[in-house]
Structures are given as structure tokens and as C-alpha cells.
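Here's a quick tour of the structure shown below. Have it open while you read, and we'll take it topic by topic.

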Amino acid sequence: MNEPKQALTEQARAIIAEEEALLGRVLSALQAARQQASKGQSRGTLLERLTGLRDEASTAVESDLPSLFQQLDTTRALFERQESAQLPEPHTPYFAHLRLKRHEGASQEYLLGRTTFADTAAGIRIIDWRFAPVARVFYGYEEGDDYEEWFGERLSEGVVEARRLVVIERGVLTRIRAGALHLERTAEGAWHEVGGAAAMLSGGAGTAVRAGSLGVGTGEAGRASRFDVTAQLDSEQFEALQVGADQPLLVLGSAGSGKTTVALHRLAKITFDLRAASAPSKMKVVVPEEGLARLSRRLLAPLELRNVSVETLDAWAYATACAVFGMKSIPLSSDKPALASRLKRHPALRPVLERQLGKRRVSDPSFKRLRKRLAEVLTDRTLLAEVVGASGGDLPSTAIDDTVKHTMLQLATPLAKELEGYHPEALATIDGLSVEASTPDELAGTVDVEDLPLLLFLKLQHGHLGLEPLAHVMLDEAEDFSLFELAVVGRQLGKTRSCTLAGDEMQQTTSSFAGWSAAMGELGVKDAATVRLSVSYRCPRPVIELARQVLGPLAPESPPKNARAGVPVGFHHFPEEAQAWLFVRDALKDLLDREPRASVAVIASSPEAARAFYKVVDDMSATRLVLEGDFSFEPGVDVTDVESIKGLEFDYVILPDATARAWPQTDESRRKLHVAITRASHQLWVISSGVRSRLLPAPSA
């Protein structure tokens, strides 16, 4: 990072001297503790010594108590951590410093780390940031604040004299953050103050340019209704709207180029051209994720298209299957192997499934009969091996076992049916749940949501679906639709084949994409007009450049056009994850204090990583964990995962786990990381710890 360097103030020099002296005491205390532990004092010996000191303190005169209490503290610390492995790591023993001045009392120092350690003689007290009650003061107050906290039954009051974040690498202090003051040590050992954009998140809350997009960046209520978004369309976007309603349209473009804007405005234009009150009710918008569905509904309101149905792929597949097969409900599995889901949506399955169907047709294409036919394919290892072989490396061979085992469990007779006739009391469980709950038997009699398009596809081979034709269908992020889903949608189109597909092959996050030619062919569309939007409006230039670097060999030959400059991408690396996340927490709090109307997304690599990070900020106001697409589009911080954010944008984006483990060097990771990066409309931070992802450019010297 090339931050501007400033001369050190007296305050900065004093802080550096204090923190380096403190670290020196900590390292000396840890070394002494290790030497004592290596002498092999047994827990029995230490316990005997501890008991003796307690007895001595109970009868000692007052003047001897301070010395006895010090010995008690030291012996107790040794007893609690007899083995040296339980001591803090000397390379990074702690990552924050808190000094409290209690009313009518002396100041006390606390260091936040991952392992508890105390040496009263040296004035050292390291607390585990996850469990120690006093850590609440660090998270809840700023330097100079009066604090008041209950620790058990004792009320503690005082002033936060010092609150600092520190970075210690291999036992050397390299970075200090004390409020707005940011200090950093160079490789040569000299300290300098860091300022400007690299030190804090800033400049959003509506300042980002969003020409050509509907934009709900700050989540401000009614924003879309106050701006004439149609007037912001550029010439390419406006030209796309001139395609006639009876001609299919494929809108391609990079992230932030206005694909959704064009598709939604075309929907409004077609509605106007049809001049029929019932037209909106015969239109449908289908998107991959719930977050984008919510955003689409929000953006359709000012276009007077509230009656247009907006559904996720899963919801559309479920409702369509119920209607086609005449079922009130379909039992869906609550748990499924990821590889089995990928196999069921892969283009390589299509020719195998169609060929097998051609060998034997069923006279009664009911749900039950077609489910049996599908299961025959999904449990045939030879056929599945053919699918894996034709996947071009997208599917590993382990997908075969996962699919077969999962399908066999679903084909089993449900326990409720096997246990018919038993008295209800005999089947009662202690926790009140069903007998099969949380067991493999829970899958018996269910299907996966990915099975529904396959069953509908099988139904198509025997005739019509029996559904009313739609006036127009809009498919957003269409690169994530499988061939089976597209085939079913194609049968729902009217004679005019009126539809709009919006997508970008660089943003595919599943293995279902077979290419635009195959996608349009599956829809039954051969003469679609194609518009490729060449200008990206959402992201500033530094974000676009990083996204292109991440794609590497997958990047298109020509980068998207963009004339908007922006602040550099912030790269922040830490030895420990706890340090990294505490740094982000402080930055988020500072940002929301300065810009309460800003929208921020912390986008993790997985739902599990998002949940873990959320524990660090769950006590902050305006902070939400969003894993099911339930975005409110209100100001604040949404902690989410990469699978939930396609089609969305935020003023600020923070990637909290840019590690080699979270983002390995695979094509799938490249595309997903590209999607996460391109959600930022103003500023992007990339946070890493341990080993940095090799998909990212090497850090500058």
C-alpha cells in the first residue's frame, strides 16, 4: 500500500513508546512463564502452594497482604496454565490494548487476545476477547468515554483512558490504531502516520454516481420514485428498449452496466404497448435469489408494475410443479448434498435424461410415475458416470456416490407409513419432534427442489404442461438458469415468444450455464435480438480493474468502459483472523457514526463464515445477518454471503475472509469473488489473515 507519510507528533511518539514498552514486558513475562513451566512443577505441587498461601493470607497482617496477593495471583496463573501450550503465542500474544481508570481507584491495563494470561508483578493481564466480561467495555466505548458496566453483581464505573488496536507480527509491533490516529512501521523499522482514504471508509451515503441504474444504494425510502430513472438511460440502453414486444431480447453486459434497468423498463414499455389492464398479471419475472427478487419488486413499484409476479427460481419451480401435477403440496428435502444439486442442474445431464426417456415412455405421466423414472437415472452409476465425464471437469466423481446415496434415502418408505398402527404414545419422543427428525429417515418420501424442473422436463416429453401462456417473461441473471428450467419457461411463452433475458457469463456462480446459444435454443427462440451493454456504471475504476484481475484467464478480451474514477481498493492483511475482524468492526462503527445513511455489505465466502463474522458485530445497531435474501435495503450493515448478493449493489463492500482457504484458485472461486467485488458502487475493502487468496494481486512493497 502506498499511503501518504506524515511527520510524527509528540502524541504519536508517546503512544509508540508506551506500546513497545508494554509489548516488551509481555514477551519477558511469557518467556519467564515458559521457563517456570519447563521446570516441571506438578499441578499437585502448585495446588499445595496455592492452599498454603491462602491459609497464610487469612491470618496475615494488613501490610503483608499486597505481597501475598501477588504470589497468589502468580501461583493461580501457573496452576491454570501448567502446560506451556496454554500460554499466548509470543509471535502475536494480543491484538488490542485497553486502559481503564476506575472512579476513586488506580488505572488498570487489559490486553485483548485469544488466550488468558496474567503476571501481576509485571502488570500484565491478557484476557480472552470472546469471554472476558471487561471486553464489553472495549467494544462498547471509545477512548475518553465514561463507562458503566455490571460484571456479575458488581457495578464498575470509570473512564476509558486508552483504547487501541495493535498488530504484532513475529513478536514485533507493526501497527497501532488509536481513534483516528493510524501508525505503521516500515520494513526498515521507522514509524509513520497513515492518513487519507487508506485509513478509513468514507465518501458514500449517496455520493457515488449511479447514472444508468435504478440504484437503491443508500436504501433511502422512495429514492426510485423521486428520480426519473428513465431519463438516465444511455444510448445503448435506450436502443434496447426499441426492440418490439413480439421479439425476444437478450441483454448482455458486465456488472453494473444496467441489464436489470433495461429489462425492467422493457417490461414497463411492453405493458404500455399492450394497453391491457390484465397484461401485468400475465407477466412474470424470475430471478435466482430472494435478495434480487425483493429488489426487483421494489424497483417495479415506481414503474406501476406492482401486479407483475416476481419469483425466485425455486419458488417458481415449486408453484409450477404443483400446478402441472395437480398437487396441493410437494414434500421437499431439508438437506441435500451440494454435488448432487450441481449434477441435477448441469447441461451434461440433459442428453442422458432425454435419451433414457426415448427408450420407454409412460402412459400415465403422473408425478409418482415420473419420479420413479427420474430415480432410475439418478441411481444408475453408469449413466451418472457418463454425465460426470461429459461435464468437462465441472463435476467430480464423488458426485456419483452423493447422488445415488441421497436418492436411495429419498426412495425409502417414510417411517410414518411403516409405523402405521402403533399407538401415538409409543412413538412420542422426549424433545417432541417426529421419530425421523434429524435422521436420514427424514429424507424418505421427499424430492429436492432441483428435481422439480427435471420432473417438469419429463412431463414435457409427454405433451403440454397445461398452463396458461404468459404475455412476457423476464429472466434476470439468466446465466444461472439450467437448461431444464429454460425448457419449461419456453413452454409457458405465448405464440409471440415474448421474453427478455439479462445476464453476464462472467457472473455465473453455478455449473448450469451451457452458453447463450443453447439457452435461447432451449427456450425455443431462434431470432432473438442481442444487445451488449459496454459501459459499467456501478463500480469505480479501481474496483473494475481488481475484478478483471481476479477473473484472470476467464476475463473477456475487452474490459468494460468506465469513465468514473474512485478511491483505491483497500487491502488490509493481518496475522490473525481475530485482529482482522476487530479492525473491521471499528471501521464499521466509525463509518456508521459519520454516514448513517450509507449501505454496507460484508460479503463472506460462505454462510458459515458470515455467521462467524456476525458474532463480532451483532451488538452494533443497524447491523443485520442476511442469509436467506431478506434484505431490507435500509441504511446499515448487511452481513451476508456471496450466494445471496447477485444483482445487488451497496455503497461499501467489505470482503472479510479473502484467504486462500476461502477463495482457492478455481474457476468457480474466480467468478464468485468477481461477483462479490462488483457489488461495490463506491469503495471496496479486502480483508485477509493468515495466507492471502492467490486470486488477488500480490501486495505492493
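Let's start with a strand pairing: Ile176 has Leu183, in strand 9, as its bridge partner. Keep in mind that this is a predicted model. From that bridge we'll work outwards to the neighbouring strands, then move on to a buried glutamine, the rings, the main pocket and a couple of unusual backbone angles.

**Strands 8, 9 and 10**

- Strand 8 covers residues 172-178, and its pairing with strand 9 is antiparallel, with four bridges.
- The hairpin made by strand 8 and strand 9 leaves two residues between the strands, and Gly179 has a positive phi there, near 65°.
- On to strand 10 (residues 191-194): strand 9 is joined to it by three bridges, again in an antiparallel arrangement.
- Leu183 turns up here too, since its bridge partner in strand 10 is Glu193.
- The hairpin of strand 9 and strand 10 has five residues between the strands, and in its turn Gly189 shows a positive phi of about 100°.
- How much of strand 9 is buried? Four of its five residues (the strand spans 181-185) are, so the rest of the structure largely encloses it.

**A buried glutamine**

- Gln237 is part of helix 6, which runs over residues 235-240.
- Its relative accessibility is 0%, and buried means under 20%, so Gln237 counts as buried.
- What does the Gln237 side chain have close by? One of its polar atoms is 2.9 Å from the backbone oxygen of Ser257.

**Helix 16 and the aromatic pairs**

- Helix 16 is a good one to look at: ten of its ten residues are buried, so the helix is largely enclosed by the rest of the structure.
- Leucines feature among those buried residues, including Leu452, Leu454 and Leu455, but Asp451 and Lys459 are buried there as well.
- The structure has ten aromatic pairs.
- One of them is Phe457 with Phe484, an edge-to-face pair with 5.2 Å from centre to centre and 80° between the planes.
- Phe457 belongs to helix 16 (residues 451-460) and Phe484 to helix 17 (residues 483-492), so this pair ties together parts that lie 27 residues apart in sequence.
- Phe457 is buried at a relative accessible area of 1%, and Phe484 counts as buried with a relative accessibility of 1%.
- Phe513 and Trp516 also make an edge-to-face pair, because their ring centres are 4.9 Å apart and their planes sit at 70°.
- Both Phe513 and Trp516 are buried.
- There's a cluster as well, in which ring pairs link Phe574, Phe583 and Trp685.

**Arginines over rings**

- Phe574 also has a charged neighbour: Arg175 lies over the face of its ring, 5.1 Å from the ring centre.
- Which ring does Arg163 sit over? Its charged end is placed over Phe138, with 4.0 Å to the ring centre.

**The largest pocket**

- The largest pocket comes out at a volume of about 1800 Å³.
- It's lined by 50 residues, and the closest to its centre are Glu289, Thr509, Thr510, Glu643 and Lys672.
- Several helices contribute at least two lining residues each: helix 9 (313-325), helix 10 (338-345), helix 21 (607-617) and helix 22 (667-677).
- Which helix gives the most to this lining? That's helix 22, with five residues.

**Positive phi outside glycine**

- A bit of background: most residues other than glycine have a negative phi.
- Glu477 has a positive phi, near 55°, and isn't a glycine.
- You'll find Glu477 in the loop that connects strand 14 (472-476) with helix 17.
- Glu477 has a relative accessibility of 3%, so it counts as buried.
- Ala622 is another non-glycine residue with a positive phi, in this case near 60°.
- Ala622 sits in the loop between helix 21 and strand 19 (623-625).
- Is Ala622 buried or exposed? Neither label fits, because its relative accessible area is 39%, and that makes Ala622 partly exposed.

Definitions and conventions
Residues are numbered from 1 along each chain as its sequence is written. Side-chain values use heavy atoms; hydrogens and water are left out. Buried means under 20% relative accessible area, exposed over 50%, partly exposed in between (1.4 Å probe, protein chains only). Two strands pair if DSSP finds at least two bridges between them. A polar contact is a pair of N or O atoms within 3.5 Å; within protein, one must be able to donate a hydrogen and the other to accept it, and residues adjacent in sequence count only if both atoms are side-chain atoms. Rings of Phe, Tyr and Trp (its six-membered ring) pair if their centres lie within 6.5 Å; planes under 30 degrees apart count as stacked, over 60 as edge-to-face and the rest as tilted. A charge sits over a ring if NZ of Lys or CZ of Arg is within 6 Å of the ring centre and within 35 degrees of the ring normal. On a 1 Å grid over the protein atoms alone, a cavity is a set of points where a 1.4 Å probe fits but cannot get out, and a pocket is an open set with protein on both sides within 12 Å along at least five of seven lines; lining residues have an atom within 4 Å of a point. Grid points are joined across faces, edges and corners, and a volume is the space filled by probe spheres set on the points.
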